[in-house]
Amino acid sequence: MGGGVDRKLRESQLKTVMTRSGDIFIPLDQRVAIGNAQSNSIFVSIHFNDSPRRVIHGFETYYYSSASFDLAQRIQKHLVTIPGAVNRGVHRASFRVLRNSVYPSVLVECGFLSNRSDRNEAGSEVSRERLADKIAEAIVEERFGSGVYHAPSVVAEGPYLVPPKLCPP
């Protein structure tokens, strides 16, 4: 997920720094330190949630400081435009990566892997691209205002995304 957001932000001419590029654990304090070392940054932590109650599903975005509230609201607003999205809201939380960040920071839960429908969406490349696009759009809007972000035009063919320049006219 993070790689898709990273790519889309770079395409929008934003400098990005990933705290990790693979499925390896980086201590939370180290993640915060990486973010805090970047001047005038935005810290976005992207996850899929889990719950013992399999019926729970949907998107939720967390923030800690008031400086992060607008970013959290903007990301959530964009996520819930996805057809069939369930809005679980924006919540204040004292997560370490949010609490210890000196710049605006949010934690985005992109669904529940314990829910069959959300898990299937998380496993779909097309769905992950859509999530990445919505998160990137919100971040670009936060930095530059509405109307600046231009989503890449893609045509879905089967399970693959094909850039339109490769499609026959």
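This is a short talk on how the helices, strands and cores of one protein chain fit together in a predicted model.

Let me begin with the overall layout. The chain has six helices and six strands, and if you read the elements from the N terminus on, they run α-α-β-β-α-β-α-β-α-α-β-β. Of the 169 residues in the chain, 38% are buried. If we take the contacts with a separation of 6 or more, 72% of them are between residues 24 or more positions apart.

Now to the interior, and here a general remark may help: in soluble globular proteins, nonpolar side chains tend to be buried together. In this model the largest nonpolar core has 21 residues, and the residues with the most contacts inside it are Leu9, Ile75, Leu79, Val106, Val108, Ile135 and Ile139. Which elements give two or more residues to this core? They are helix H1, residues 2-11, strand E2, residues 59-63, helix H3, residues 66-79, strand E4, residues 105-112, and helix H6, residues 125-144. The largest share comes from H6, which gives seven residues. Apart from this core lies another one, of seven residues, and among them are Phe43, Ala93, Val97 and Leu107.

Since H6 has come up, let me stay with that helix and look at how H3 packs against it. Two packed helices are described by the angle between their axes and the distance between the axes. For H3 and H6 the angle is about 140°, and the axes are 8 Å apart, with a crossing that is right-handed. On the H3 side, the residues that take part are Asp70, Leu71, Arg74, Ile75, Lys77, His78 and Leu79, and on the H6 side they meet Leu131, Lys134, Ile135, Glu137, Ala138, Ile139, Glu141 and Glu142. You will recognise Ile75, Leu79, Ile135 and Ile139 here, as they are also among the residues with the most contacts inside the largest core.

Two further residues of H6 deserve a separate look. Asp133 is found in this helix, and with a relative accessible area of 13% Asp133 is buried, because the cut-off for buried is under 20%. The side chain of Asp133 is joined to that of Tyr149 by a polar contact of 2.5 Å. Arg143 also lies in H6, but Arg143 is partly exposed, with a relative accessible area of 32%. Leaving aside neighbours within four places in sequence, Arg143 is in contact with Leu14, Asn40, Ser41 and Ile42. Along the chain, Arg143 and Leu14 are 129 residues apart, yet their C-alpha atoms are separated by 9.3 Å.

Let me turn to the N-terminal helices. In H1 the buried residues are Gly4, Val5, Asp6, Lys8 and Leu9, and they pack against E1 and H6. In helix H2, residues 28-36, the buried residues are Arg31, Val32 and Gly35. Why can we say that these residues line one face of the helix? Seen down the axis of H2, they fall within an arc of 95°, so they line one face. What do they pack against? The partners are strand E1, residues 43-49, and helix H4, residues 96-99.

E1 therefore gives us a natural next stop, and I would pick out Val44, which counts as partly exposed at 24% relative accessibility. Val44 has its place in strand E1, and, again leaving aside neighbours within four places in sequence, Val44 is in contact with Val106, Val108, Ile135 and Ile139. The C-alpha atoms of Val44 and Val108 are separated by 7.3 Å, although the two residues are 64 residues apart along the chain.

Finally, a word on backbone angles. Most residues other than glycine have a negative phi. Against that background, Gln13 has a positive phi, near 70°; Gln13 follows H1, in the loop between H1 and H2, and counts as exposed at 69% relative accessibility. The other case I would mention is Asn40, whose phi is also positive, near 50°. Asn40 has its place in the loop between H2 and E1 and is exposed, with a relative accessible area of 55%. Asn40 is also one of the residues in contact with Arg143 of H6, which brings us back to the helix that gives the largest core its largest share.

Notes. Residues numbered from 1 in each chain as written. Predicted model: local features only at pLDDT ≥ 70, side-chain atom pairs only at ≥ 80, totals over all residues. Heavy atoms only, no water. Buried < 20%, exposed > 50% of the residue type's maximum accessible area, 1.4 Å probe, protein only. Helix = DSSP H or I, 4+ residues; strand = E, 2+ residues; numbered from the N terminus. Arc of directions from axis to C-beta. Contact = heavy atoms within 4.5 Å. Core = buried A, V, L, I, M, F, W, Y, C linked by side-chain atoms within 4.5 Å. Polar contact = N/O pair within 3.5 Å; in protein donor to acceptor, adjacent residues only side chain to side chain. Axes fitted to C-alpha atoms, helices over the stretch in contact; angles between N-to-C directions. Left-handed = near helix turned anticlockwise from the far one by under 90°.
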